[in-house]
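Me: I should like to work through this protein step by step. Please begin with how its strands are joined.

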Amino acid sequence: RGDFGPIKTSVAGVQFCEKVPHLAKVADKLSIVRSICHKDPNHGGGNHYMMTGRPTPVPVSCGAFVTFHPSFGSMVSYERGSRQGLPAYASVGAMSRSGGPNFLGAQHGPFVIDGDPNREGFKVRDVVLPKGISEARAEDRRALRSEVDRLQRIAGQAAKDPAVSFDQFNAQSVDLVTSPKAQAAFDLAREDAKVRDQYGRTDLGQRLLLARRLVEVGVSFVTVYYGGWDHHNNMVTAMRNTAGAIDKPFAALLTDLAQRGMLNDTLVIWGGEFGRTPAADGNAMGNPGRNHNAKAMSVVLAGGGVKGGIAHGQTDELGGSAVEDRVHIHDLHATMLHLLGFDHEKLTFRHNGRDFRLTDVYGNVVRQVVA
């Protein structure tokens, strides 16, 4: 039994940990890929690998990295572009250092929404018009800027201007503060109180609700960050807290999307940068935890063309290494792109005279999880 016992789920014969009773009820919607592996058991490198499909970035100082590849969200933004005055890519929560656009340009970077959306009076920074500027006046300013940009391009000046991508980024910012749809999507006070309660009146619960609202109005890719899983010690208490914190909100997100008829068209991914060792850390001074393990990790997929109620791949009997149907990061990315309607071999970007892609030079769609 260990410290936590098993409970039944909505899938016959499948058991979950007793700390996730809400997720157990929606297990029929989940495809759990439990044989993902890579070669970097460090937080920075593992996170970079998962977000960009490339191994460890180049360290420039203690805790700081230079990365030369765009993230998954930026690639989606690059291909789809923004719609109706909304960003193509949004990040709800503190940004990962591996979540940027890099050489794709600032217009494909995430619109970062920080702060606690569960806090009373929460407002999204940069989505509110400056004091004294009416919507009509802001629209006049935007129209004037668009005309100036148009004349510059006619004159051929913009083609030589390195600030063009910044101009596009600035235009997106103006769109955000003048779009009624954006104003409504970012305002959680407009959401039904019962729905807010279903997600839980917590930081994470309201972040996931905000993510649903953004997807609902046309944002193509949303990342929600929730940290605190690095349980090197005091694992029992820590897992009780973190698993309990994500259980209700994540289940509510899937249920809410399904009830709104959105789940079939929305791909939901839950994962981290690596797994954990099956054995407790003997250096934890009586409060055991577990160490980093990139040889075996699980990622949960749901919705968006995913086959529900299955687990794909296996580890050895201790759970330390993936041994059956191993899935590389490039395979996971190829599958995610496929479910979003992209061919990972054709979605490329030109840089320094070479065509790059998210999956580098390999990667296979994991057909077993595709409905």
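Reply: Two strands pair if DSSP finds at least two bridges between them. The model discussed here is predicted.

Me: How many bridges pair strand β9 with β12, and which residue in β12 is the bridge partner of I269?
Reply: Strand β9 covers residues 268–270 and pairs with β12 in the antiparallel sense. The pairing runs over three bridges. In β12, I269 has as its bridge partner L301.

Me: Which residue in β12 stands opposite I32?
Reply: Strand β3 (residues 30–37) also runs antiparallel to β12, and five bridges join them. Within β12, the residue opposite I32 is V300.

Me: Is strand β12 largely enclosed or largely open?
Reply: A residue counts as buried under 20% relative accessible area. Five of the six residues of β12 (residues 297–302) are buried, so the strand is largely enclosed by the rest of the structure.

Me: Is G109 buried or exposed?
Reply: G109 lies in the loop between β6 (89–92) and β7 (111–113). Leaving aside neighbours within four places in sequence, G109 is in contact with S74, Y89 and P101. Its relative accessibility is 12%, and therefore G109 counts as buried.

Me: Which helix gives the largest share of the largest nonpolar core?
Reply: This core has 42 residues, of which I113 and L214 touch the most other members. Its largest share is eight residues, and they come from helix α9 (residues 235–259).

Me: How many residues are in the other core, which lies apart from it?
Reply: Among the members of this other core are M50, L337, F342 and F349. Its size is 32 residues.

How values were computed. Residues are numbered from 1 along each chain as its sequence is written. This is a predicted model: local features need pLDDT of at least 70, side-chain atom pairs count only at pLDDT 80 or more; totals for chains, interfaces and linings use all residues. Side-chain values use heavy atoms; hydrogens and water are left out. Helices (H or I, at least four residues) and strands (E, at least two) are DSSP runs, numbered from the N terminus. Buried means under 20% relative accessible area, exposed over 50%, partly exposed in between (1.4 Å probe, protein chains only). Contact means heavy atoms within 4.5 Å. A nonpolar core is a set of buried Ala, Val, Leu, Ile, Met, Phe, Trp, Tyr and Cys residues joined through side-chain atoms within 4.5 Å.
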